[in-house]
Each structure stands twice: as structure tokens, then as C-alpha cells.
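Trainee: Could you take me through one part of this model slowly, looking closely at a single sheet and at whatever lies against it?

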Amino acid sequence: MDLNLQNYSTFKVGGRAYRILNIRTENDIFSALAYATKCEKPLIVIGDGSNSIFSDEPELFVIGHMQMKGIYIKEEDEGYSLVRAAAGESWDHLVSHAIENGLSGIEALSGIPGTVGAAPIQNIGAYGTELSDTLVKVSVYDIEHKRFRTFSKEQCELSYRDSIFKKNPGKYIVTEITLRLSKSKPKVPSYASLAGKFPSDDTEAEVTAEQIRKAVLETRTTKLPDPKTIPNCGSFFKNPIISEEQFKTVQAAHPEIPSFETESGDIKLYAGWLIEHADYQSVETDRVGFHDANKLVLINKGGATFEDLITVASFIQKNVFDRFGVEIEPEPNFFV
Ligand code: FAD
Ligand code: NAP
């Protein structure tokens with residue numbers, strides 16, 4: 001079996017796994033845990049590795065490759081259906097399947113790489129929609145308490161690119177999620193990057209979920225590198241969210257800075273803009289660089305190691321802090 005973790009991470013860095021085990025059933029979870037315990041190695045469950053970065057050091061982990069399958073749609077009432085999807089399903093397949101079945105609510109999340117089971121880990125989001133908008137519950141295996149259990153949406157503690165699962169790595173294995181999707185017309189995303197893509201920019205207009213999916217997929221193709229040809233893990237940093245008070249100081253020094261008010265009244269800054277305006281060219285190396293259309297996306301130009309990536313990422317954080325006084329945090333999950 002291929003144990004090279006570079007083939008299990010879309011950024012293509014990482015050493016050799018101790019063992020990689022497929023997880024297709026609940027019984028496979030028990031076998032993988034028993035094996036990892038016997039070998040005294042941590043069990044790391046992954047999907048498609050599009051948000052996972054592994055250390056170069058060999059044989060650190062037993063990897064559980066989540067492959068549980070199944071999508072079930074059950075009518076809840078006249079307006080909504082409940083959709084259960086197993087953790088190993090492709091997220092984008094779930095989106096297209098829901099749309100084919102006349103359901104809306106996740107169409108703006110079209111084209112996000114990865115699996116269903118990883119979606120709640122960072123509460124995936126795009127174009128103003130987050131998983132939390134439609135999530136009902138998450139089924140998991142609780143490793144510490146040795147039992148299957150269900151987390152309601154509230155118990156998942158979902159926030160911007162975060163959740164109870166991301167805060168507690170290695171504690172829960174997601175087996176299934178349940179979404180509540182609408183049979184009504186979808187909400188039209190109001191992001192400027194999608195402007196002109198719909199028959200009308202009026203957010204109340206009649207736009208179908210298929211049209212939103214098409215617009216999102218077209219836009220993503222122009223702005224994001226395909227990991228199959230250019231290794232990357234999407235946005236490398238989260239957008240920083242700062243207090244209004246801190247924002248006033250930053251804005252006074254940099255009046256042109258783009259900003260978005262959040263529901264809580266705090267201010268979200270665009271990390272890609274901060275990086276682009278903080279001497280990003282100086283940190284690029286032969287092996288780690290930036291995607292042309294989006295400085296938030298770091299790319300492996302070929303042969304990059306974990307250390308190469310971390311070094312460049314640290315310089316980016318320093319440059320942004322030195323220029324704007326704002327800290328930016330990485331978004332992917334690191335396994336070291
Ligand atoms: P992996 O990388 O395999 O795993 C991610 C994390 O979840 C790891 O900590 C892993 O241990 C854990 N995990 C995975 N499966 C399970 C499970 N079953 N049980 C417990 N833990 C699990 N993200 C967005 O939010 N919005 C975007 O628009 C977006 N666009 C992207 C575009 C590109 C080109 C790329 C490369 C990435 C993008 N991402 C985006 C990030 C990424 O696609 C998502 O985070 C996605 O949910 C990761 O899925 P995965 O199966 O690849 O996860
Ligand atoms: P974009 O639409 O050009 O927007 C640039 C940035 O400004 C984004 O970070 C976005 O925040 C913010 N923004 C724009 N319009 C906004 C509005 N009306 N309200 C609040 N915030 C707004 O971004 P892009 O790079 O092409 O990506 C498109 C979408 O896909 C974004 O939502 C992005 O988060 C998502 N995406 C995520 C990843 C990942 O790996 N996490 C990778 C690629 C794309 P938000 O990021 O908070 O939306």
C-alpha cells in the first residue's frame with residue numbers, strides 16, 4: 001500500500017504514514033482504533049486531505065481514510081427535507097445530488113473539495129453561506145468515551161472556520177451529518193465576486209440553485225488553483241476578525257483597507273489583501289509561492305517540504321503583523 005502522505009494531502013507535503021487503513025464501516029473504526037492503540041500511534045482520520053498538512057517525519061501516525069458512503073433524503077414537511085450523508089461521501093457530490101432533488105441551501109458551497117465528514121470540522125463556508133446555516137446534527141464516534149453519539153448543531157459550537165471538533169483533534173470520528181434543506185427558491189449570494197453572474201443581481205430575484213451552482217463553479221475555476229495540477233490547500237490563513245476599536249487604529253493608518261462588519265459587530269479583514277500589501281514577493285521561495293489570482297492561497301511549486309511551508313507561512317504572518325499590527329492564523333490542520 002502507498003504510505004506516502006504526500007498522496008493524501010492536496011498540498012503534497014508529508015512523510016510516510018505508519019499505516020493507512022480504510023474506514024468503510026463502523027467496525028472498521030474499532031479495528032483502526034485497536035490497531036493504533038497496539039502500535040502506540042495516534043489515529044488520524046482524514047477525508048481527501050484538502051485541509052491537512054503532515055510533518056515530513058516518517059511513521060508518526062496511523063491514518064484512517066474515511067470512506068463510509070450513503071446519502072438518504074427524507075421529506076420533513078411541505079417546505080423542507082432532511083438529508084443524511086455519510087462522512088466518506090464527496091461534499092460536492094452531496095451538493096449536486098441535493099440540487100438534482102430540488103433542494104436548496106448548500107448551492108453556494110459548490111466546488112469545495114473534500115468529504116462530507118470534514119465539512120463540520122471547520123464549518124465550511126463560501127460566498128456568505130456556511131454549513132451551520134443548514135446543519136441539524138453530526139453523528140460521531142467518541143474515542144475517549146468509547147461510544148457513538150450525536151452532536152446537535154448547537155453542541156458543535158460552529159463559528160467562522162471552527163468547531164468543537166477542530167478544537168479537539170483526535171477525539172471524535174465523524175460518521176454522518178444531517179442537513180435540513182429547503183424546497184423553496186435559494187438565497188442569492190451578494191458577493192461582489194459573483195456580480196453579473198445571475199439574470200438579476202437582486203437578492204430577492206428568482207434564481208435557481210442550479211444557476212447559483214454554475215456561477216460559483218465558474219468563478220472558483222478562475223480564482224482558485226486545481227489541486228490536481230497545482231498542489232495547494234485553499235486559503236492558507238483565516239480572515240482575521242478584530243474589534244471595532246482595533247479596526248479604527250488599523251484603518252487610520254491604512255484607509256484603503258477592505259473590511260466587512262460581522263453579525264457581532266466585530267470587523268473581518270481580508271487576509272489575502274493584507275498579505276498582498278505586506279511585501280509578499282520577498283517571502284516566496286523556489287518551492288513555496290502564491291497563486292497568481294489569490295495571495296491567500298499558498299502553492300507547492302514542486303518539492304516543498306513541511307519546513308519550507310512553515311518557514312514561508314511564518315514570514316507572511318510576521319510581514320502582515322509588522323505592516324498592519326494584525327495577527328493572521330493558519331486555517332489548515334497540522335499533524336506533527
Ligand atoms: P481533510 O483535509 O482530509 O481533513 C481536514 C480535517 O478534518 C483534519 O483535521 C481531519 O483530521 C479532519 N477530518 C476529516 N474527516 C474527518 C472525520 N470523518 N472525522 C473526524 N475528523 C475528520 N474550505 C472552505 O471552508 N471553503 C472553501 O471555499 C474552500 N475552498 C477550498 C478550495 C481549494 C482549492 C482547496 C484545496 C481547499 C478549500 N477549502 C475550503 C478547504 C477544504 O476543502 C475544506 O476544509 C474541506 O472540508 C476539507 O475536506 P477533506 O475531506 O479534504 O478534509
Ligand atoms: P472573494 O469573493 O473575492 O472575497 C474576498 C474576501 O472578502 C473573502 O475572504 C470574503 O470573506 C470577503 N468578502 C467578500 N465579499 C464579502 C461580503 N459581501 N461579506 C462579507 N465578506 C465578504 O473571495 P474568493 O477568494 O474568491 O473566495 C470566494 C469564497 O470562497 C469566499 O467566501 C472564501 O471564503 C471561499 N473560499 C475559501 C477557501 C478556503 O480554503 N477556506 C478557499 C477558496 C475560497 P469570506 O472568506 O469570509 O467569505
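Mentor: Before we speak of partners, a definition is needed: two strands pair if DSSP finds at least two bridges between them. With that in hand, and keeping in mind that this is a predicted model, we can turn to an open sheet of three strands, whose order is β12-β17-β16 and whose pairing is antiparallel. Its edge strands are β12, covering residues 232–235, and β16, covering residues 288–291, each of which pairs on one side only. From one strand to the next, the twist averages 25°.

Consider now how β16 meets β17, the strand of residues 294–300: four bridges link them, and the sense of the pairing is antiparallel. One position to find on your screen is Gly 289, whose bridge partner in β17 is Ile 299. As a general point, strands of a sheet pair through backbone hydrogen bonds, either parallel or antiparallel. It also helps to remember that in a regular strand the side chains alternate between the two faces of the sheet.

The last piece of this part is a helix, α7, made of residues 306–324, which lies across β16 and β17 and runs at about 60° to β16.

For another antiparallel pair to set beside this one, look at β5 (residues 71–75) and β6 (residues 80–86), which are joined by five bridges. A hairpin of four residues connects β5 to β6, and in this pair Glu 75 stands opposite Ser 81 of β6.

Conventions. Residues numbered from 1 in each chain as written. Chains lettered and ligands numbered in written order. Predicted model: local features only at pLDDT ≥ 70, side-chain atom pairs only at ≥ 80, totals over all residues. Heavy atoms only, no water. Helix = DSSP H or I, 4+ residues; strand = E, 2+ residues; numbered from the N terminus. Axes fitted to C-alpha atoms, helices over the stretch in contact; angles between N-to-C directions. Contact = heavy atoms within 4.5 Å.
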